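Biologist: I should like a close look at a single part of this model, the one in which the predictor places the least confidence among the elements. Please describe that part and its surroundings, with the cut-offs behind each term.

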Amino acid sequence: MLDTHAVARSLTAADFTPAQADALTDALREFTERGDHVTSDQFKAGQAEVRAEIAELRSEQRTQIAEVRTEIANLDTRLSTQIADLRAEQRAGIAGVRTEIASLETRLIRWMVGTVLATATLTAAILRFLSGSAG
């Protein structure tokens, strides 16, 4: 219980006017009578609740971080596999192009040899014809 007279005397001794001391004492009396102030034990209990909530949130956060890390690792694995597959497809494509070029080269050489042989045969025939008609 609050001794309002003692509080008012202390305030007037500290150079409060009697009206100020009475107003402050009345406010303190009303505050203590209402009982809606927080005691030290209530404050500590509330503090413990907040700490428990923070610990729970931290635990949830750690779990979520672990899940994200796992998801990133899975994505990394899938991307690495896809990159390896694309590289293999690229190598196969390049090998196909090289095979096609080699085939074209072979056909071109055959065509050129055929053309040279035909030209040589035609030239020989013309030369025979010319040497036979000249003599």
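What follows is one connected account of that part and of the regions beyond it.

Modeller: The model is predicted, so local features are taken at pLDDT of at least 70 and side-chain atom pairs only at pLDDT 80 or more, while totals for chains, interfaces and linings use all residues. Residues are numbered from 1 along each chain as its sequence is written, and side-chain values use heavy atoms, with hydrogens and water left out.

The pLDDT is the predictor's confidence in each residue, on a scale from 0 to 100. Its mean over the protein chain is 92, and 98% of the residues reach 70 or more. Among the elements, helix H2 (residues 18-34) has the lowest mean, 86, whereas helix H3 (residues 40-134) has the highest, 95. Helices here are DSSP runs of H or I with at least four residues, strands are runs of E with at least two, and both are numbered from the N terminus.

The length of H2 can be checked. The expected span of a helix is 1.5 Å times one less than its number of residues. For the 17 residues of H2 this gives 24 Å, and the end C-alpha atoms are 24 Å apart, which agrees.

The residues that flank H2 come next. Asp15 lies in the loop between helix H1 (4-13) and H2. Its phi is near 75°, a positive value in a residue other than glycine. With a relative accessible area of 71%, Asp15 is exposed; the classes are buried under 20%, exposed over 50% and partly exposed in between, with a 1.4 Å probe and protein chains only. On the other side, H2 is followed by Gly35, whose phi is also positive, near 70°.

Within H2, Thr25 counts as buried because its relative accessibility is 3%. Leaving aside residues up to four places away in sequence, Thr25 touches Leu2, Thr4, Val7, Ala8 and Leu11, where contact means heavy atoms within 4.5 Å.

The residue after it in numbering, Asp26, forms a salt bridge with Arg29, with the closest N and O atoms 3.7 Å apart. A salt bridge requires a side-chain nitrogen of Lys or Arg within 4 Å of a carboxyl oxygen of Asp or Glu. Side chains of opposite charge can pair when their charged atoms come close. Asp26 and Arg29 are three residues apart in H2, so about one helical turn separates them. Both partners are partly exposed: Asp26 has 36% relative accessibility, and Arg29 has a relative accessible area of 29%. A search of the whole structure finds one salt bridge.

Beyond H2, helix H3 offers a contrast in setting. Arg91 lies in H3 and is exposed, at 60% relative accessible area. The C-alpha atoms of Arg91 and Ala14 are separated by 94 Å, although the two residues are 77 apart along the chain. Leu127, also found in H3, is exposed at 54%. Leu127 joins Leu122, Ile126, Phe129 and Leu130 in a nonpolar surface patch of about 540 Å². Patches comprise residues with over 30% relative accessible area and no salt bridge, like charges being joined within 9 Å and nonpolar side chains (Val, Leu, Ile, Met, Phe, Trp, Tyr) within 5 Å. The areas come from the Shrake-Rupley method with a 1.4 Å probe, and for residues only the protein chains shown count as cover.
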